[in-house]
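Reader: I'm new to this one. Can you show it to me and walk me through it?

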Amino acid sequence: MDKRVVVTGLGLVTPVGLNVKDSWEALKSGVSGIDLITHFDAKDLPVRIAGEVKGFDPSLYIEQKEIKKMDRFIHLAMGASTEAIIDSQLKIDESIADQVGVSIGAGIGGLSTIEHYHKILLEKGYRRITPFFIPMLIINLASGNVSIKFGAKGPNTCAVTACSTGTHSIGDAYRIIQRGEAIAMIAGGTESCITPLGVSGFAVMKALSTRNEEPQRASRPFDINRDGFVMGEGAGIVILEELEFAKSRGARIYAELIGYGMSADAYHLTSPSPDGRGAVMCMKKALNDAKIAPEKISYINAHGTSTKYGDEIETKAIKEVFGNHAKELVISSTKSMTGHLLGAAGGLEAVISVLSVFHNIIPPTINIDEPDPECDLDYAPYTFRELDVEYAMSNSFGFGGTNGCLIFSKYRET
């Protein structure tokens, strides 16, 4: 029989806060973290806005001499993981070290490092490339550095599945614990690619909002005037534990992770399948895994990126999965406030879903001024809801048609 898996620790570094408390308060209040780009001079680009993490100090989490050996996406993962470990009060000593693992992914990885050292290579030659160049940028070094910091010697892995990365990383960690291959996992997603090349790449695809004069109003999921997503950065981490282990050490349990689904659209490199079949299948698989009826879900943290087809198709898929109950659901896209954290989105939104279950509060979707007639469900516009959230679903859909879905529930003894 599969082991039960619970959430005992949370960590966030986001455009609306440098920790869980500040991020949660901002999200409940409908505060946008989107503004003009400051990481570089974007004046010549068609997109000059993003959800940047402001004021993050990596020296709070990493030894000074080690900071320069890591790209920013690793710094953010170290910050969120440290908060999550402290929050969980999990002590990783030699008695359990080989049973504690790490599963932290990113969608793109060390793009700023690649850009920086490519310039040095062209201008000054190969000898000026740091020997830490490769470990600075490769995606599994988020998991690697976290495992080194905390002495976690169990399964060490990372998903790289575009915008589904954080969700898949958590889901994969869940499966590892279910199978008995670990008693605890540090899991989630991280991303930091608000760089000239990163922004330009998405901009030439026409994927990004160009509402440069109104940054805080640019990300507007489900609104008829949405014109693309807004890039964000950050990290979202959960500590997952096997239930009996968590109980044996008296851990505080936020929620139970009860369902995980994966699917593929098998349709297009960047566009979702028009019939929403991949999203439908993903949500149904998660519900089947959780062994609950669709009517049990009361909140969905939507993928909701603020793209025309993405929001319409996710709405269509939710209607197909939930039938008449779709009208009873409360749905929100917190990307309206944080922007789209790409590989970190699923980690952030898993933490938000857990907090919704724990506190019975659903954060709003801001910037729905003129609802799209094709998006006609309850997206909690502008104001948070107080609601008994017994079961919450978190959706992530990525380029390449890769889909992930998690279901969290209130923890009950039986």
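Author: Here is a short tour of the sheet, the helices on it and the pockets. Keep in mind that the model is predicted.

Reader: Start with the sheet. In what order do the strands run?

Author: The order is 5-4-6-7-1-8-14-13-9-10. That makes an open sheet of 10 strands, with mixed pairing.

Reader: Which strands stand at the edges?

Author: Strand 5 (156–157) and strand 10 (330–332). Each has a single partner strand, so one side of each is left without a neighbour in the sheet.

Reader: What packs on the sheet?

Author: Helix 3 (residues 72–88) does. It touches strand 1 (5–13), strand 4 (100–105), strand 6 (184–191) and strand 7 (234–242). The direction of helix 3 makes about 135 degrees with that of strand 1.

Reader: And helix 13, which strands does it lie across?

Author: Helix 13 (residues 345–359) lies across seven elements: strand 1, strand 6, strand 7, strand 8 (255–264), strand 9 (299–301), strand 13 and strand 14. It runs at about 170 degrees to strand 13.

Reader: Strand 7 keeps coming up. How many of its residues are buried?

Author: 9 of its 9 residues. Both faces are covered. Gly234, Gly236, Val238, Leu240 and Glu242 are on one side, and Ala235, Ile237, Ile239 and Glu241 are on the other.

Reader: What does strand 7 pair with?

Author: Strand 1 joins strand 7 by 8 bridges, running antiparallel. There, Leu12 stands opposite Gly236. Strand 6 also pairs with strand 7 in the antiparallel sense, over 8 bridges. Met185 stands opposite Leu240 in that case.

Reader: How about strand 13 and strand 14, in which sense do they pair?

Author: Antiparallel, over 8 bridges. Strand 13 covers residues 391–398 and strand 14 covers residues 402–409. Asn395 stands opposite Cys405 in strand 14.

Reader: New topic: pockets. How much space lies in the largest pocket?

Author: About 630 Å³. It is lined by 30 residues, and Thr270, Ser271, Pro272, Thr307 and Phe399 lie nearest its centre.

Reader: Which element gives the most to that lining?

Author: Helix 11 (308–322), with 6 residues. By class, the lining of the largest pocket has 10 nonpolar, 14 polar and 6 charged residues.

Reader: And the second largest pocket, what space lies in it?

Author: About 410 Å³. Of its 20 lining residues, the closest to the centre are Arg4, Glu256, Ile258, Asp289 and Ala290. Strand 8 supplies the largest share of this lining, 3 residues.

Reader: How does that lining divide by class?

Author: The second largest pocket has 8 nonpolar, 3 polar and 9 charged residues in its lining.

Terms used
Residues are numbered from 1 along each chain as its sequence is written. This is a predicted model: local features need pLDDT of at least 70, side-chain atom pairs count only at pLDDT 80 or more; totals for chains, interfaces and linings use all residues. Side-chain values use heavy atoms; hydrogens and water are left out. Two strands pair if DSSP finds at least two bridges between them. Helices (H or I, at least four residues) and strands (E, at least two) are DSSP runs, numbered from the N terminus. Contact means heavy atoms within 4.5 Å. Axes are lines fitted to C-alpha atoms, for helices over the stretch in contact, and angles run from 0 to 180 degrees between N-to-C directions. Buried means under 20% relative accessible area, exposed over 50%, partly exposed in between (1.4 Å probe, protein chains only). On a 1 Å grid over the protein atoms alone, a cavity is a set of points where a 1.4 Å probe fits but cannot get out, and a pocket is an open set with protein on both sides within 12 Å along at least five of seven lines; lining residues have an atom within 4 Å of a point. Grid points are joined across faces, edges and corners, and a volume is the space filled by probe spheres set on the points. Ala, Val, Leu, Ile, Met, Phe, Trp, Tyr, Cys and Pro count as nonpolar, Asp, Glu, Lys and Arg as charged, and the others, Gly among them, as polar.
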